[in-house]
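Colleague: I should like to learn how to read a model of this kind. Might we take it feature by feature?

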Amino acid sequence: MNRKEQIRSAYHLAGTNAGFYDGMITCSTLPGRIICGAVWNMGREKNTQYLERALSGIPEDFSGRLLEVPVGTGVLTMPVYQGLPGADITCLDYSPDMMASARAKANALKLGNVRFQQGDVGALPFADGTFDIVLSLNGFHAFPDKAAAYRETFRVLKPGGTFCGCFYVQGGCRRTDWFIRHLYQPKGWFTPPYETEESLRERLGALYRTAEVSRIEGIGVFRCVK
Ligand SMILES: C[S@@+](CC[C@H](N)C(=O)[O-])C[C@H]1O[C@@H](n2cnc3c(N)ncnc32)[C@H](O)[C@@H]1O
């Protein structure tokens with residue numbers, strides 16, 4: 001299964017699980033598509049595009065150690081992990097409820113190489129240089145202590161390892177910025193301060209040996225090498 005098919009599988013997984021969150025993050029159910037369009041100015045095509053880009057740091061035949069933080073409900077990544085039977089995968093999230101849904105998906109897909117651990121990205125329970133890849137999808141806009149999250153994700157990565165993923169950046173889509181400020185932030189779903197595409201490029205460029213940053217609407221996508 002190539003990356004596009006894995007993402008398509010994520011839409012299928014969301015459709016069949018029908019969780020509201022899963023439908024929204026994959027832009028696959030009717031309410032999900034309405035929210036993607038209204039808040040993020042995205043349809044399925046742009047949604048797929050940013051996910052493909054965020055996941056492009058993971059080689060299709062990857063067989064090293066990967067940390068995903070935060071895994072959330074796992075809807076975006078369990079189909080990807082299904083295609084990586086030789087990899088050693090650790091998924092971490094603060095919320096046991098979100099992770100219970102990810103674990104159920106991993107069980108349904110019979111993924112024996114994926115383990116789950118509850119924890120805080122700001123104090124990762126791993127030694128320095130443990131992972132070949134650290135993947136972070138849609139997390140940094142939610143993390144309360146972003147400095148600690150940048151520091152810890154860097155620390156647990158091996159020299160030469162890849163840090164990749166995506167999250168909300170300010171200034172890419174005015175409508176998105178409005179919703180974040182007036183709805184997502186008061187609800188506690190997102191926590192300021194937020195990066196812009198440019199500030200993210202500067203931050204990651206200062207930390208990593210190489211850092212590629214791009215943006216699709218209000219989502220910043222990154223791929224860095226330590
Ligand atoms: C918007 S969800 C993203 C989940 C998933 N990566 C996705 O793209 O669907 C944000 C997640 O961040 C988790 N989270 C928030 N603060 C955290 C922290 N300090 N450490 C670990 N996870 C955290 C939440 O529990 C939630 O599952």
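Modeller: Let us begin with burial: a residue is buried if 20 or more other C-beta atoms lie within 10 Å of its own, exposed if 12 or fewer, and partly exposed in between, with C-beta atoms placed from the backbone. Helices (H or I, at least four residues) and strands (E, at least two) are DSSP runs numbered from the N terminus. In strand 5, 9 of the 12 residues are buried, so this strand is largely enclosed by the rest of the structure. Please note that this is a predicted model, in which local features need pLDDT of at least 70 and side-chain atom pairs count only at pLDDT 80 or more, while totals for chains, interfaces and linings use all residues. Residues are numbered from 1 along each chain as its sequence is written.

Colleague: Which strands are joined to strand 5, and do they run parallel or antiparallel to it?

Modeller: Two strands pair if DSSP finds at least two bridges between them. Strand 4 (residues 131-137) runs parallel to strand 5 and is joined to it by 6 bridges; here Val134 stands opposite Phe163. Strand 7 runs antiparallel to strand 5 (residues 157-168), with 7 bridges between them. Cys164 faces Arg223 of strand 7, and Cys166 has Val221 as its bridge partner.

Colleague: What lies between strand 4 and strand 5 in the β-α-β unit?

Modeller: A crossover is right-handed if, with the strands pointing away from the viewer, the path from the first strand over the helix to the second runs clockwise. In this model, helix 7 (residues 146-155) forms such a right-handed unit with strand 4 and strand 5.

Colleague: How many residues of strand 7 are buried, and what does this strand form with strand 6?

Modeller: Strand 7 (residues 219-225) is mostly covered, with 6 of its 7 residues buried. Strand 6 (residues 210-216) runs antiparallel to strand 7, and 7 bridges join the two. In this pairing, Ser214 stands opposite Val221. The two strands form a hairpin with 2 residues between them, and Glu217 in the turn has a positive phi of about 50°.

Colleague: How should one read the sides of a helix, and which residues of helix 3 are buried?

Modeller: An α-helix has 3.6 residues a turn, so residues three or four places apart point the same way. In helix 3 (residues 30-40), the buried residues are Gly32, Cys36 and Trp40. They cover an arc of only 35° around the axis, which puts them on the same side of helix 3; the arc is that of the directions from the helix axis to the C-beta atoms. The face turned away from this buried side carries the exposed residues Leu30, Pro31 and Ala38.

Colleague: What covers the buried residues of helix 3?

Modeller: Two residues are in contact if their C-beta atoms, placed from the backbone, lie within 7 Å. The cover includes helix 2 (20-25), helix 4 (44-55) and helix 8 (174-184).

Colleague: Which residue just after helix 3 takes a positive phi?

Modeller: That residue is Asn41, whose phi is about 55° although it is not a glycine. Asn41 is found in the loop between helix 3 and helix 4, and it counts as partly exposed because it has 16 C-beta neighbours inside 10 Å.

Colleague: Where are the cis peptide bonds?

Modeller: One joins Val69 and Pro70, with omega about 0°. Another joins Pro192 and Pro193, also with omega about 0°.
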